[in-house]
Amino acid sequence: MSEEMYKKLAQAVIDGEADDAEALARQALDQGLDPLACITNGLTKGIQQVGELFASGEYYLPELIISADTMKVAMDILEPALAGGQEREVVGRVVIGTVEGDLHEIGKTLVGTMLSANGFQVTDIGVDKTAAEFIEAVKENNATIVGASALLTTTMLQQKKIIEALDEAGLKNQVKVMVGGAPVTQSYADQIGADGYAEDAISAVDIAYRLADAPA
Amino acid sequence: MIKLEERKASIKPIKSKLKISILDDQEISQINQNTRTVLEEIGVVFPSDKALKIFAEVGANVDFEKQTVKIAADLLDKYLATSPRNYTMAGARPDLDVHVGDGKGTYFYCSGESPRVVDFSTGERRLSVKEDIANHARIADYLPIISLMWPSASASDKGETSPLHGLEACFTNSEKHVESESVMDEVSARYAVEMAIAVSGSEEKLRERPVLSQLLCCIQPLAQDRGGIEAAMIFAEYGIPVGFMSMPTLGLTAPPYPAGALTIAMAETLSGIMLTQIINPGVGNYISVNPGIVDPRTGAYFMGSAVAQMTNVSGVQMAHSNGIPILACHSFGGSQYELGNWQAGYENLYSHLLGVMAGADMSFGPSGMYEAVSLLDHPRILFDREMLRVIDEITDGVDVNPKTLAFDMIKEMGHKGGYISHRETGKFYRTTWPKESILYDDGKPEGRKWRDPKDVAREAITWILENHKPEPMSESVKQELRQIVDRADKDDSIKREISGHK
Ligand code: B12
């Protein structure tokens, strides 16, 4: 019976049916199924398949995003039900946002979506976020990776500020920082002491994997 | 080869005999109606208390908490009525003035603010610096097809005051009209106004013939930028024209359909225009609609696509139906695609051509930009210019008159052919064969071989950079500009405005 539920959950994610996913998640809890197993064997399997469909060109971006949203709806029901000490397995916990003074959101949202679809737990804090807001989100989510996006020559300096602020808050050893955006280059990233730079969302996933493996 | 000679700057619009219209009258009025309903019922976010107060004072429906302005149609139209269909964006000399909406055709911008450049000597890609802006301004000054310019790149060596350094580099290296696309806060705007007054000679002269303008992007969907709108309010106060650009990304920040995306774009831009008209009735405005789409397989941002292009050109009719001039051309004259790529060429060609044929007042075009306006390559500007040369020719259409019907010639030559030896043919080729081109270079005396246009363009740019000296600006004005920017560099409040406003 649980096998069947896992399959249904996975399928709801693949089909992007948020209402089904929500109903199934509640049903699973009512039936006393293990929420962690529902996540790992159901939702995660589903999103992995979505990732493959996207990579092969079968799924387009709207489907990818709808599936990621669907997964989140079910996750919001299952996660609070996890037993104490139980934690779903994630590759890394990412806090991503666009820096202060900058309202460009398309790139960072895309990077966030791709990371979620690849098993990262992503908290997207939005655009125009101060270094302090990044730090707060890192603490709140116990993040392991920070992603800072900047699209303007006048705002890219904020990426450096975030790194300095992490250092000051004594968090620099706990999190890795990756940066991106039109005016950002690898050499700029090196110069400000970022741990990773990616030109697009696909390579951002590779970098994030690399940073996740790297000893904290 | 293009003619390389020492000469003063000049400007030349392209007038098209060929006309296209995408929307019919009913479609235009449906979109206008939809726009007004959106403004009335949904409204636009203006995250600036100053702006909200101004809207409230004239009777717009303002929600200060949500920072949203809802505007009734008759109120909107009352303020649009004072936005002029014709006005001047001035150069250093009256013969360099762009008279927007004068019916002389489409005036071209050299657009910019590229974050990166291809280094002209080493060929390496790197972050752009102030010197790149100065160099590109001299190139733009030399080429008549360019009538107005943005700082072509961003001064990454100058940080938060990069926008002001960009203006300085343009004013001191060109006599043409300069527009800022990056002054995005009130404090910087005041410095920019000071610079414009210095260039004009006095505030009064600036108001009469503004040598500076601003382009402000609205934030999709249905919002404005706080710092940007406060800068626009300062500019409008001094009679400096303000253009509003909307960049709806179809199916991302706007509906996926062109008509819905145009609605979003019109609501955003018209609400911005209304604000500047309340502040200074009669100040120049224009609209620009630059839609994009996302590659649904990768999320990459695309400017050159047929559907986005149609949306962009439809903007010409939408702007004109509201009595507002428009700056057209998709993609700021910068294709999505990589350097030297075939696709970049064809995308740029059709986007320029459609804008001119639709009757845009101004258009982006000869900029030298690639990769969705994020990479500047100086020689590439001559490829853009090349397309506009062809467009200039195409849009002249076909002359039909007794001479060109050529009955006498046909009769004279009868069935034997050999028109090549006819005197008229010689004359025709003399005027028609493109002499001013990098494509049909006649080579060096040693051999009339075809030469790669890339080499020809490089040579021309080298010549321009070495030889073209724009009419010098007076030393005292130069000094004044230097001092203003220097003061701005030391002014911490700019940093606070850009970041730290929270
Ligand atoms: C769309 C766009 C806008 C839209 C944004 C809409 C939105 N809701 O996001 C609007 C119209 C609002 C806008 C406004 C402005 N913009 Co703008 N904009 C662009 C444009 C054309 C595309 C950006 C985009 O979305 N690309 C698509 C996404 C998918 O790509 P991306 O953002 O680069 O992200 C990818 C990578 O960079 C990377 N990445 C990005 N972030 C991160 C983060 C991490 C951690 C990692 C690992 C990777 C990563 O992965 C992403 C996915 O592949 C760029 C030009 C360009 N090619 O970048 C100009 C550009 C960035 N804008 C520019 C300017 C000047 C402005 C304005 C100041 C204009 C004005 N006068 O109002 C305002 C500023 C508003 C503000 N306060 O932020 C300039 C910047 C110049 C400079 N050197 O500073 C550019 C370069 C265009 C130009 N040449 O003029 N803009």
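User: Which element gives the most to the shell around the ligand?
Analyst: H5(A) does, with 4 residues. Keep in mind that this is a predicted model.

User: What other elements supply at least two residues of that shell?
Analyst: In chain A, strand S3 (145-149), strand S4 (176-180) and helix H9 (201-213) do. Chain B adds strand S11 (212-217).

User: Where does the ligand lie?
Analyst: Between chains A and B. Of the 48 residues around the ligand, those that come nearest include Leu103(A), His104(A) and Asp225(B).

User: How do the residues of the shell divide?
Analyst: Into 26 nonpolar, 14 polar and 8 charged.

User: Which backbone atoms lie 2.7 Å from an oxygen atom of the ligand?
Analyst: A backbone N or O atom of Glu105(A) lies at that distance. So does one of Thr153(A). Cys217(B) also has a polar backbone atom 2.7 Å from a ligand oxygen.

User: New topic. How many aromatic pairs are there over all chains?
Analyst: The whole structure has 7. Take Tyr142(B) and Trp463(B): their ring centres are 5.8 Å apart.

User: Why is that pair tilted?
Analyst: Because the planes of Tyr142(B) and Trp463(B) are at 55°, and tilted covers angles that are neither under 30 degrees nor over 60. The pair links helix H4 and helix H16 of chain B, with the two residues 321 apart.

User: Is Tyr142(B) buried or exposed?
Analyst: Buried, at a relative accessible area of 1%. Trp463(B) is partly exposed, at 21%.

User: What sits over the ring of Tyr142(B)?
Analyst: The charged end of Arg7(B), 3.9 Å from the ring centre.

How values were computed:
Residues numbered from 1 in each chain as written. Chains lettered and ligands numbered in written order. Predicted model: local features only at pLDDT ≥ 70, side-chain atom pairs only at ≥ 80, totals over all residues. Heavy atoms only, no water. Near = heavy atom within 4 Å. Polar contact = N/O pair within 3.5 Å; in protein donor to acceptor, adjacent residues only side chain to side chain. Nonpolar A, V, L, I, M, F, W, Y, C, P; charged D, E, K, R; others polar. Phe/Tyr/Trp six-rings, centres within 6.5 Å; stacked < 30°, edge-to-face > 60°. Buried < 20%, exposed > 50% of the residue type's maximum accessible area, 1.4 Å probe, protein only. Lys NZ or Arg CZ within 6 Å of the ring centre and 35° of its normal.
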